[in-house]
Amino acid sequence: MYTNAKPIKRAVLGSMAVASLSLLAAPAFAYTAGNNQSTQQEQAKGEKVANVSIKGMTCNVCENKVKEGVSKVKGVSDVKVSHEQGTAVVKYDPKKTSLPEIQKAIAASGFEVVSTKVN
Ligand SMILES: [Cu+2]
């Protein structure tokens with residue numbers, strides 16, 4: 001009985017592996033396709049990237065405060081904050097927001113903007 005059941009079990013496991021592989025492959029492809037599309041849209045929209053030097057961040061909690069504050073600004077599409085470097089890299093749409101708005105959000109989260117460079 002047991003020896004008969006073994007090959008069946010293996011076959012079931014095999015088809016399950018194939019099924020889950022195709023499930024994994026499909027969303028991965030969809031994600032890649034969507035990602036490329038949004039990159040093209042961002043370039044078409046004329047987004048800018050601000051590199052902001054920030055004084056006073058000492059840990060991940062500080063980073064998250066800045067990140068949360070800046071993310072709430074309308075027109076900001078991406079925020080990367082490093083307390084080690086004392087920087088925030090903010091991607092934004094200049095038609096929807098402005099540098100002073102972003103700097104205000106950083107100040108409101110409790111930190112001081114030292115300087116800002118826009119690429
Ligand atoms: Cu901190």
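Let me start with the copper ion, whose protein donors are the SG atoms of C59 and C62, lying 2.0 to 2.1 Å from it; donors here are N, O and S atoms within 2.8 Å of the metal (3.2 Å for Na, K and Ca), and since water is not among the atoms, sites may look incomplete. This is a predicted model, in which local features need a pLDDT of at least 70 and side-chain atom pairs count only at pLDDT 80 or more, while totals for chains, interfaces and linings use all residues. Residues are numbered from 1 along each chain as its sequence is written, and side-chain values use heavy atoms, with hydrogens and water left out.

Are the two cysteines buried or exposed, or something in between? I will call a residue buried when its relative accessible area is under 20%, exposed when it is over 50%, and partly exposed in between, using a 1.4 Å probe and protein chains only. By that rule C59, with a relative accessible area of 30%, is partly exposed, whereas C62, at 8%, counts as buried.

Let me step back to the whole chain for a moment. It has 3 helices and 4 strands, and along the sequence they follow the pattern α-β-α-β-β-α-β; helices (H or I, at least four residues) and strands (E, at least two) are DSSP runs, numbered from the N terminus. Of the 119 residues of the chain, 24% count as buried. If we say that a contact means heavy atoms within 4.5 Å, then residues 24 or more positions apart account for 64% of the contacts in the chain with a separation of 6 or more.

How confident is the predictor, and where should we be careful? The pLDDT, which is the predictor's confidence in each residue on a scale from 0 to 100, averages 79 over the chain, and 62% of the residues score at least 70. Over residues 18-42, however, the pLDDT is below 50, and beyond near neighbours in sequence this stretch has 2 contacts in the model.

Now to helix α2, which covers residues 60-71. The expected span of a helix is 1.5 Å times one less than its number of residues, so the 12 residues of α2 should span 16 Å, and the C-alpha atoms at its ends are indeed 16 Å apart, which agrees. Which residues of this helix are buried? They are C62, E63, V66, G69 and V70, and because they cover an arc of only 135° around the axis, they sit on the same side of α2; the arc is that of the directions from the helix axis to the C-beta atoms. What covers these buried residues includes the strands β1 (48-55), β2 (76-82) and β3 (87-92), together with helix α3 (99-108). On the face of α2 turned away from its buried side we find the exposed residues V61 and E68. N64 also has its place in α2, where it is partly exposed with a relative accessible area of 39%, and its C-alpha atom lies 9.5 Å from that of S109, although the two residues are 45 apart in sequence.

For a residue in a strand, take A50, which is found in β1 and is buried, at 0% relative accessibility. Leaving aside neighbours within four places in sequence, A50 is in contact with A88, V89, V90, Y92, L99, T116, K117 and V118. The C-alpha atoms of A50 and A88 are separated by 7.9 Å, with their positions 38 residues apart along the chain.

Finally, the charged pairs. Side chains of opposite charge can pair when their charged atoms come close. A salt bridge here is a side-chain nitrogen of Lys or Arg within 4 Å of a carboxyl oxygen of Asp or Glu, and by this rule the count comes to 3. In one of them E112 pairs with K55, the closest N and O atoms being 4.0 Å apart, and this pair links distant parts of the chain, since E112 is in strand β4 (residues 112-118) and K55 in strand β1, 57 residues apart. Another joins K80 and D78 at 2.8 Å, N to O; K80 is exposed at 52% relative accessible area, while D78 is partly exposed at 27%. There is also a salt bridge between E101 and K104, at 3.4 Å from N to O, and both residues lie in helix α3, 3 residues apart, about one turn of the helix. Of these two, E101 counts as partly exposed at 36%, and K104 is exposed at 54%.
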